[in-house]
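Trainee: Show me how to read a helix and a chain contact. Start with the terms.

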Amino acid sequence: MLRSKNVSLVLLVVLITASLLGCQSNATSVPASDEKNITIVIAEDPPSFNPIIADTGYDALVMELVMLGLSDIDPDGNIFPELAAELPTAENGGVVYDEATGGMTVTWKMRQDVQWADGEPVTADDVIFTYDAIVNPETGGWIPGIDYIDRVEKVDDYTFTVYYTSVYPGYLTQFGREQVAIWPAHYCDASQGFAAWDCARQPLSDGPFVLKEWVNGDHMTFVRNENYFEDGKPALDTVTIRIVPDQSVRKTMLINGDADLDMWTTEAMIADLQNQPNVSVDPSPTNRWVMRIFFNLAEKGTTDAAATPHPILSDLKVRQAIRAAIDVDTISKEFFLGYAKPVWTEFFRPPYTCDISRPKFDIAAASALLDEAGWTDTDGDGVRECHGCATAEEGYKMEMEFITYSEFGEPLELTQQFIAEQLGKIGIQLNLTVVEGSVLWAAATDGGIEQNGNFDMDLWDDGYAGIDPTDFIYSYYSETSATPDMGYNFMRWINAQFEELLNGSYTLDEAQRQRNFCEMAQILDQELPQLLLFTVVNADAHSARLQNVRSTTNDLVTWNAADWTLK
Amino acid sequence: MGTYILRRLIQTVGLLVLLSFLLFALVNLAPGGPLAGQGQNRHTDPEKVELLKRQLGLDKPLPTQYLIWLVGNDWMQIDKNGDGVLDSYGTRQGIFRGDFGFSFRTRQPVLTEIGQRLPNTIYLTTITMAFAVLIAIPIGILSAIRQYSAFDITVTTFSFAGQAIPEFWLGLIMILVFYAWLKNPFTGDPLLPSGGIAANLGRFDLWDRVAHLILPVLTGALGWIAWYSRFLRSSMLDVVHQDYIRTARAKGLPYGVVLYKHALRNALIPLITLLALDLPYIFGGAIFIEILFSWPGMARLYYQAALDRDYPILLAVLIIGAAFIILSNLIADIVYAYLDPRIRYE
Amino acid sequence: MNQSSLANEFKTPVLTAENTSMGAGVWKRFRKHPGAIFGFFVILTLAILTVLAPLSPYDPEASSISERYKAPSLTHIMGTDALGRDLFTRILYGGRISLTVGLLVVVISMAIGIPIGALAGYYGGWLDAILMRLTDSFLSLPSFLVLILLSAILREVEIPLFERNNVLTISLVIGVFGWTTFARLIRAAFLTIRETDFVSASRALGGSDLRIILGHILPNAIGPIIVEATLEFGYAIIEESGLSFLGFGIQPPTPSWGNLLSNAQEHFTKYPWLAVFPGLMIFFSIISINYIGDGLRDAFDPYKVLNKVGEV
């Protein structure tokens, strides 16, 4: 009885183990030998096909497989037309600047040979439909530049005009890039609203692939769009996206040939994949995400740098000392495995590059600067206090809170700890906090740390997509942006000369823009409202058999999925 | 008995309403605000935030929001486009009618999200519990019968150890040993997979499913086996020393019969009650297992929602979880009363 | 069937009796429990080690880039972590936090639970009903999930006492869910004693309520309370570790056993010591505490000596 019970249990265990050992199969689907199928592995399901709503990156990834925008940007920063027949410019009469009102109109001519997967043509009606849905106050969304648009009018089935209330240099990618696609007017349900319509989860395709199946938590299957407007493309028959949360499993899949593409590959994985013959990792030609330290020039908890300046950081010498005390090369080598490139100006990406000399890593100079500024350590506890400093009371301790966000991962947290230590060596004490990005960047009314100025120094990354930095610079450095919830000038930095140059760059005169940008670069280097450290690599590891994959900071790697081929 | 159950059920509903109010207040008083999770984007544009607030009904005062959450707003007029004029009826039905709102992150109905994940959790936890009970019962019985033998002492010691090992650590060690170190002698691949339900959910491959179950189930079950075997052992010992057992033996009944018909049956009663009390584990207790082994279940959904501050999901999971616990307590009481006639007459 | 073979089958022991005072009896019985003695010494050693942690030549939070990810060796007996910090030192400092949190949680739980249980048991009636419903509410919540929610919310809050990353905050959060058993124990003690004869007798003789409480109820309750406090100490350590592991408890760079395990997750297949040692610490602490609790339970139960049966 009992003994037989035990024996049968043991037998069962033995049987199971034996069969597992013997019958372990690589249980991935084996494609038919003549079918061209690739597998992309990502960490989680995209919330939908509409990146404007949640913007996790995964949504843009899948959107690029099935939908088109008016235009897009290639990895080198060149804008090219997708749904547009040609790009409107001042030269070809597509862009008309109105001297009197200061506004401009942009007339787009669309291709006439693009169809939705159900055979309906893609027309200007779809563009108007998309625009109306976006600006709907109840159910819409928000994209950059939308506030400059007064109205969009249809001229004929394949032509429409956008009326801007003022010059907006980013007009070429207004309805394109990684966030905005054109949605089908006859398929999406306007009453459900842009933010929640079902067609964002069951899209109608006009892109190279069509969504066939989505098993949440497991995989998505896309098949070739037979109606795709580019002849002979796409070369692939099916694209399968597998949800694989574990990074090491994705790596193993790439090495074993079970996966063809990994999105946003981390530095550690890149290093591990370097010597694998059947895996390639090609970083994008430019980098977008710049890791930077934000100095709160206003006192913590306040937002007006003039009224309540920060007792420590409002002194330029202190900021310069901090810059001199951080060893960016070591950070890049140790925590980012050499894949982070030091950067020290906002204008480092073509076509707007400016020549600013690289600041030196010099601890002695940093200490000297702090001594000069009136911060010395008289009580021997290793932390400086104010003795004759310009910005704080006598005896004020040089202690601050240093915040970073958790979603990036271990390299950033280690960097934060390392920087705190380095600054500790020159007598600045930093107390570390790691918060969720959602809390850091929330709106002021929701208690967002940045918007409310509840910080001293922050460390996180950002950068602009595309080639035009104007919107980005405006939101981070303009005077308007210093007001809570009006922008991201969390430093509360206001500089009249900079402001003038910035306003002057809202022009279509490229030479003028270049001159303005480089003068602005000089000011930023001198004033140091932010301390730029390095760019983070952007790469998507792929199997050697998958050709034409081009990683880019201007979009997700699927931007040119139509061009991919198999060796 | 019937009135007793009815009374308990009414108390249950009351308790749940109270809990719902507390949880709702708690969640909304958080300074990040219920929209905190939307800031994943570095650029929360204020227009977007305002829009979101109106869309999600967060621009109303808290008590109103609570009311809407409970009973919906499709019976009242709301101002949809923010112009101050009430123009249409709402679309929410409230939780009493099964509408738990929409996830902030995906805008899908909360119940849909939960519905997608719950089967995976139940699949894992029922197998874990079943496995644990199947192992614990024989071990507990043997331990009791061979009290103070080498077997008993070993088991007791392992029991203690098993209850002291943190689940999250055990999972890491399992992955370390069975995935990183041990290799399948035939293929050179890791011996067991380190996560997920299956290598290919589309196809049902029994050995693959079993392989993916081994590590999570072992990790999760160890604590339960330790606990149940110990409990069964002591329960068995209590029973075995009762007079009626001695009487049965004195009457001449064979050893096995006494063991199964009398001792075991009675010793199992407290265990079954314990099992009923532990039912809530099935719903969301395997949080560490699901996270470590990338199991797309309820607890992992909750964890992700906590990181994202996706409050509708958090609230729904907590309320449903609480309902589950209260119900399982009730079931435990009823089962115990049913199985043990002695207490029925109290 | 004769007596002795029955005894052999079910090992019914022969009854004996002892005659000592309660405190001495407890200690004597405790001493006889090998597991409890083992546990006691382990916890004592751990406590001493954590107190002596500052004596370590290594700084638990200072990075040392050249020493990153070193395997255990003579200079670093448990190896180093991602920033080159000595793991053994960090584990000791983490132990300080874990043990402190454990103690604080027990104090807080008892401070909340005992008054509630006492009030409910003493006054009975509607107060009892309300307090028991309150207890039920707390017991009905999936407590670990609510802990996560509470920690997440408290991390953003700027309430004066509740700093982020504070040991006190974490202890309060965990303690708020640990009091229910204490309340029930005290209440049960009150209830069982209240109706007994010697209480009526005591009252008849003019004894005050306070005397009854101190003289009868407390001595009866103290055994289970001490046992429960010990076990609660263990639960608190595991809960704090679990919370920190998920990222909701103690934040880096301050080490806690839980967040040491969490940090290990990324690379532990390459550097296993990062995962093995912190977990071993938790394991040894908990098993020791459990043995102590077991020993205490046996020690406080005079019938145990008589029966020597069934150690629950």
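Mentor: A residue is buried if 20 or more other C-beta atoms lie within 10 Å of its own, exposed if 12 or fewer, and partly exposed in between, with C-beta atoms placed from the backbone. This is a predicted model: local features need pLDDT of at least 70, side-chain atom pairs count only at pLDDT 80 or more, and totals for chains, interfaces and linings use all residues. Residues are numbered from 1 along each chain as its sequence is written, and chains are lettered from A and ligands numbered from 1 in the order in which they are written.

Trainee: Which residues are buried in helix 13 of chain A?

Mentor: Helices are DSSP runs (H or I, at least four residues), numbered from the N terminus. In helix 13 of chain A, the buried ones are A:Arg513, A:Asn516, A:Phe517, A:Met520, A:Ala521 and A:Leu524.

Trainee: Why are they on the same side of helix 13 of chain A?

Mentor: An α-helix has 3.6 residues a turn, so residues three or four places apart point the same way. Here the buried residues of helix 13 of chain A cover an arc of only 150 degrees around the axis, so they share one side. The arc is taken from the directions from the helix axis to the C-beta atoms. Exposed A:Ala511, A:Gln512 and A:Gln526 sit on the face turned away.

Trainee: How many residues does the contact take from chain C and from chain B?

Mentor: Two residues are in contact if their C-beta atoms, placed from the backbone, lie within 7 Å. Chain C gives 40 residues and chain B gives 42 residues. Helix 12 of chain C gives the most to its side, with eight residues.

Key:
Helix = DSSP H or I, 4+ residues; strand = E, 2+ residues; numbered from the N terminus.
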